[in-house]
Structures are given as C-alpha cells and as structure tokens.
Amino acid sequence: MDIILQKISEYLQKGDEEKVFELTKQAIGHNFDTKEILDNGLIAGMNIIGEQFKKHEIFLPDVLMAAKAMYAGMDQLKPLLIKDGIQGMGKIVLGTVHGDLHDIGKNLVGIMLKGAGFEVIDLGRDVPAEKFVDTALNEQVKVIGLSALLTTTMSVMKEVISILKVKDTTNSIKTIVGGAPLSKDYAKEIGADAYAYDSANAVESVKELIGVN
Amino acid sequence: MRPKLKFLTDELIQKIINEAIEILCKIGIEINNQNVLSLLSGKGVRIKKSRAYFTEDIIQKALKTAPNSFSLYDVNGNEANDLSGYNINFTPGSAALHILDYNTQEIRNPTTKDYINFAKIVNQLKYIASQSTAFIPSDVNEKISDSYRLFLSLLYCKKPVITGAFRIESFEVMKNMQIAVRSSGKTLKEKPLTVFSCCPTSPFKWSDVTSQNLIDCAKYSIPIEFISMPLSGFIAPVTLVGTLIQHTAETLSGIVISQLANPGTPILYGGSPAIFDIRYETTPMGAVETMMIDCAYNEIGKYLGLPTQAYISLSDAKQLDAQAGLESSMGATLAALSGINMIAGPGMLDFESCQSLEKLVLDNEICGMTLRMVKGIEPKEDFPAIPLLQELLKEKHLLISKHTRTHLKLEHFFPGQVINRANRPRWIEEGSTSLKERAHNEVEKLITSYEPTKISKEIQKELIQLMETEARRYGQEKLPDRDLSHCV
C-alpha cells in the first residue's frame, strides 16, 4: 500500500481532521484511484478504530474524532465517487419516531454510521411513519434506522415496518431498530430485520444487514 | 479536597496514648528473647525477669527517632510506594495457608506453581502497589518456606515485597537476597525493598522469634510493620476503645525496641486486630467493628506522626461470592478514606487464611475505584461554565469537546473487564458471564500476558545460588521445578 494512504489511515486514527483533509487532497492530486483512497485510506483507518473500540483500547470520543476526520476526507471524495459511479457503503435513512423527542442516541448512531462510510439521511426527531418510508423509496436507501426512547412510542416502529411492507414491493429495504426500552425479542416481534444495543453495535448490524464487512 | 474519615477526636487519641504509656511503664511487656532483653537493659530499660518496663521518656524519644515517612523501591530501584501523609498503597493479603484453586475451585495447599502465577499476576495489576509473600508453598521443606517465598517474589515480580520470617535463622538469607538485588547493604538502606511483619503476641508479649526478627531488621534498616492482634472480647477488652488502648501499648513497645536497636529504622504503625465472634469462635476481618478499630488505630499512628498499615479490604467468605465483594470493598473504602498508607488485604478470603487469584483481580478493580475516590472532587476548567454549556447547546453533546478529551480519563475511572457495565443485550451477546467467569478469564489472560521483569541474569544467578544453599542446609537437595524460560 502506498505511504500516503497509510498516512491517511494513521492520521484518521488520531482524529486529525486537518491532516486527513490535506492528505486526501494530495492523494487525489497524485491521481490515486478514488476507490483505493476510500478503501485503503479512510475505511482502513476506521476499521482499525472499530476494532480498538471493541476491545476497549480506545473510547467513544476517540471514535467520534476519527469519524470527524473521516468526513473531512469523504467530503472531497464524494464528487469523485459520484462521477466515477462508485458505490460507497450505501445510504441509510435515520430518525426518532413520531411522538418521541429523544434524539441523543439516534445522533450518536448517525455519527458512527457516517464515520463508517455510510451516507446518512437524518430525518431528525418526531418523524411520522410515512416520511421514513417515502424518503427511503425516493432516495433508494438500503436501510431504515428507527429510534425510540419511550415505551409509548415503540409501537410507532411497528407502524413504519407495516407501511414499508406494503410500499416496498421489491422487499429490498431493511430495517434496524434501537433505543433504551427495546430488545432483540421486541425487534423480532414487530418484524424488524435487526436490533442494535448501542451505536457501535448499530454499525456492525447495518454492515451485516447489507452484507459488507 | 481529599475526602477523609475520622472516628476519634484528638482528645480521645491523647487519652488512649497516655493510658498505653502507663501500661508499658507499670505492667511492662514480656519479652522471651535474651538478646532483646540485654539490648534494652543496656539502653537503660528496667528489666525484671523477662519483663521490660519502659519510661515515658524512653517512649517519647523512640517516637522522635522513628521516621515520619519512607518509600519502598522496586527490584529495579524505582520508587514504587510512597508511605507518607494520606497516600494509600494496596498490597495483597499475606501468608495464607491455602489457595482457592482457580480451575477446580478447591481449597488446597499452594505450591510453587501457584506462587509463580500469583507473582506474575501481581506484577501486572495496576492498582496493587506492592507484592506480598501471599501464601506458603507446601512443596518445600517448611524450614525454608519463608525465604523461598521471598526468593520467588524477587524472581517473578518487580514490585516491593511485604514479607516476614517465620524463624530466626531465616532472616540471614532473606537479608542476603535483598542485598543481592540492591548490590550492597548501603544501597538497600537507601532504597528499601521489603517490609518485614513483626508481630507481638496479645496480650503484651514478644516471642523469641518475632522480637529477634525485629532487632535483626533494625540492624540493617529494613522497614518493619508492627502487627499487634488484640481480639475484642477475648484477649482484649470487648470495647473498641479498650482494644485500641491495648493495640497502642503493644505497638509502642515494638517501636521502642526498634528505635533502641537502631534509631531511625523505618516502621509502619500497623496491626491486625479483630473483634472475636463468640458465636463461631472466629476473628472476622470483614466485621465492621474490625474495620473501625483499624481506621481508628491508623488515626492514632497519624497523630504520632507515623506511616500506617492495616489488614483491611479482605473477607471471611470461603469463595468468591457477594460477601467477598462487599466486605473487601467496604474495607478498602474505609481504609482509603482514612488514609492508611499500606492497605493489606486484596485476594484474601477465610480469615486471612486463603488466597484467591480470581478475587485478587476483582479486588484490583476495587482498589482502582477507591484510588479514584480519594483524589476527590476538584474544579478543573469548570469556571466559568457558560462557554462549555453553550458548546453543548450548539453541538448537542460534549463527547468530542476538547474539555471532555482533556479531562475524561482523569475524571472517570474505567474498570477492567471483571466489572461489567454493558447494557443487558450486549452482556447477553457477550456470553452472559458471571463475575466469577470474568475474573477467571482475567486470571488466565494475565498469566499468559506476563513478561519477565528486568532483573539481571547475574542477580537471578545469585538469588538461585543463595536459595539452593539455604535449601541444602535443611536437607532439600533440589528446589521444585520452575518455569525458568526467562531465567538462567
């Protein structure tokens, strides 16, 4: 692997936004293959961060700093990826369901997913059920992520999934749910494809859902 | 502010000390060792048969020459334990007769292999400041069972050693091992490597062995911890103050002997008193009153300007259960708040008679938490608060704020894998482990991840030679097999 990509990965792990921005720019200037910069530089760095986080060697702030550095690189790569017709990790629509104003957990999941290279469409909080499904279909997303903190709003998730089943005729969009009152069993009960117990787990589960490592 | 706990008023402390001094002057103390009696007599102490009667003047002089603080240094000569002020240092409970086998959960006699595993683990435990000769290997001649522990400790773990001799004859080789590590008696004096426990016998007695050990240590300026063990309601008054008076008198007698033998000998004002549970005829170390006596005599030691020690933060449970956790953490918390300088207990179960490697790794986390606790609550870049709170409102979280990154690891203590803080789904996904299973895994991990200390090949050779010679003196031609892959 080229030294410059190695450096992108290293500075990304240190959470050095400016350096990653600078090095990605250099790599593009040196006519590196866009996909190579993405895979061997940015995503390679994030994968190491993910592993270290899982082993408790680093903490959430370190991951978030690295994620921020990842955006700095991605912002420059994005137009090139589109131009070259390269598929990134994919799109995800995310939101806290209708009736629920708690979005801290959902925001965290958003940061982590973006950090892992996904394109995140964050619909915010108190999002009506139809809006999730319509956005997902219009934007051709791979996954819908639903969040709720209240036991009273959990049921809205079921509603979203029911609507999706009707409208998504090709059955190609997956759903993942999360939030303090939820459980794996509840997710299964309402027909969600996956459940995540925290933000790092959400990234793993989404990757599993769409079949990437 | 460092949080501090107090049980006694200065007025009560002074009253206890006055009473203890009067006991030493009027009742005196029985000493069953001719060398010590001659030494005391030569220094003007009145001796009648085998009883020594001190004067207030002699006691006060001894208290003046005993150092206010000292440090212990590891085998490489680096400072490892600062025994001053309210500093706290944890050390494993020592001299257990048994070990709770971490594989079979059987309580049995420990062997060389157990001892090496123990030393390997202690070497890596972050919140355990020194090692102790924690149990007695049963696979060597019992006449070398004390020196053999120190030998293994020095070979496998870099931390200073809390130890002691069971026999008068053992002192010589145990002293020589220390000189081998330090290269000379002078360096050993400058950088103490061990503390020797010297125990008076309640009530008001010194045995031949322990009093001889005491003056032998003093001769080489090897630090001594006095372990007086009055038992409330049995061989001491049932009241806590009464027990404290007896403990003070017994401890002062040791201080006087050490300072008359060699003024300036470093000492720890220690002990292992306990209440006596008349229902079971046992001496519970996990009893709250035992812990209160410990904290209180530590206050007396501090009042006298001396560094302190106690056997606290251990448990009477027979296995690694909730009782083990609650008694140990209660003791560690009280000891830390009291500022006991050397806190001995981690790993120990069953009235100081059984060590457990699994409990040791759990206790390491308890020590870590209490070490955090005594750092207290201090303002750090907290005033004015508005700029940071404005950042919070803008960013919606402070997870990657510079303020968080600067202070996170200092403000929050992160325990290791033994303590589980995962949410339930994650805990389930990671195997729904019990504390016992996590502690077991940690023990296995630490035994595997051990790396040899930096002790030189020459010193290793010298230690082996000293130990083999000592073993041969008692007819043991060969020492048990050790994993000597890193040794000569």
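The following questions and answers concern helix packing, domains, sheets and backbone geometry in a predicted model.

User: Into which residue ranges does the domain assignment divide chain A?
Analyst: The centres of domain 1 and domain 2 of chain A, taken over C-alpha atoms, are separated by 26 Å. Contact between them involves 12 residues of domain 1 and 12 residues of domain 2 of chain A. The assignment gives domain 1 as 3-83 and domain 2 as 91-210.

User: How are α4(A) and α5(A) oriented to each other, and what is the handedness of the crossing?
Analyst: Helix α4 (residues 60-83) of chain A and α5(A) have axes 8 Å apart and pack at an angle of about 55 degrees. Angles under 35 degrees count as roughly parallel and those from 65 to 115 as roughly perpendicular. The angle therefore makes α4(A) oblique to α5(A), and the crossing is left-handed.

User: How many nonpolar, polar and charged residues make up the contact of α4(A) with α5(A)?
Analyst: From α4(A), the residues L60(A), V63(A), L64(A), A67(A), M70(A) and Y71(A) take part. Their counterparts in α5(A) are L108(A), I111(A), M112(A), K114(A) and G115(A). By class, the contact has 9 nonpolar, 1 polar and 1 charged residues.

User: What is the handedness of the crossing in which α5(A) passes α9(A)?
Analyst: The axes of helix α5 (residues 104-115) and helix α9 (residues 199-210) of chain A come within 8 Å and cross at roughly 50 degrees. The two helices are therefore oblique to each other. The crossing of α5(A) past α9(A) is right-handed.

User: Which residues of α9(A) meet α5(A)?
Analyst: The α5(A) side of this contact consists of L108(A), V109(A), M112(A) and L113(A). By class, the contact of α5(A) with α9(A) has 8 nonpolar, 1 polar and no charged residues. The residues met in α9(A) are S199(A), A200(A), A202(A), V203(A) and V206(A).

User: Which strands stand at the edges of the open sheet β6-β18-β17 of chain B?
Analyst: The sheet has 3 strands in the order β6-β18-β17, with parallel pairing. Each edge strand has a single partner strand, so one side of each is left without a neighbour in the sheet. The twist averages 20 degrees from one strand to the next. The edge strands are β6 (89-91) and β17 (309-311) of chain B.

User: Which residue of β18(B) stands opposite Y311(B)?
Analyst: Strand β17(B) is joined to strand β18 (residues 342-344) of chain B by 3 bridges, and the two run parallel. Opposite Y311(B), in β18(B), stands A344(B).

User: Which strands of chain B does helix α12 touch as it packs on the sheet?
Analyst: The sheet concerned is an open one of 4 strands in the order β8-β7-β20-β19 of chain B, with mixed pairing. Its edges are β8 (107-108) and β19 (348-349) of chain B; each has a single partner strand, so one side of each is left without a neighbour. The direction of helix α12 (residues 357-374) of chain B makes about 65 degrees with that of β20(B). The strands touched by α12 are β7 (98-100), β19 and β20 of chain B.

User: What is the bridge partner of L349(B) in β20(B)?
Analyst: Strands β19(B) and β20 (residues 354-356) of chain B run antiparallel and are joined by 2 bridges. In β20(B), L349(B) is partnered by C354(B).

User: What is omega for the cis peptide bond that joins S202(B) and P203(B)?
Analyst: P203(B) lies in the loop between β11 (194-198) and β12 (205-206) of chain B. For the cis bond from S202(B) to P203(B), omega is about -5 degrees.

User: What is omega for the cis peptide bond that joins F383(B) and P384(B)?
Analyst: P384(B) is placed in the loop between α12 and α13 (386-395) of chain B. For the cis bond from F383(B) to P384(B), omega is about -10 degrees.

User: What is phi of N31(A)?
Analyst: N31(A) belongs to the loop between α2 (17-29) and α3 (34-54) of chain A. Its phi is a positive value in a residue other than glycine, near 60 degrees.

Methods:
Residues numbered from 1 in each chain as written. Chains lettered and ligands numbered in written order. Predicted model: local features only at pLDDT ≥ 70, side-chain atom pairs only at ≥ 80, totals over all residues. Heavy atoms only, no water. Pairing = 2+ DSSP bridges. Axes fitted to C-alpha atoms, helices over the stretch in contact; angles between N-to-C directions. Parallel < 35°, antiparallel > 145°, perpendicular 65-115°, else oblique. Left-handed = near helix turned anticlockwise from the far one by under 90°. Contact = heavy atoms within 4.5 Å. Nonpolar A, V, L, I, M, F, W, Y, C, P; charged D, E, K, R; others polar. Domains from an automatic or database assignment.
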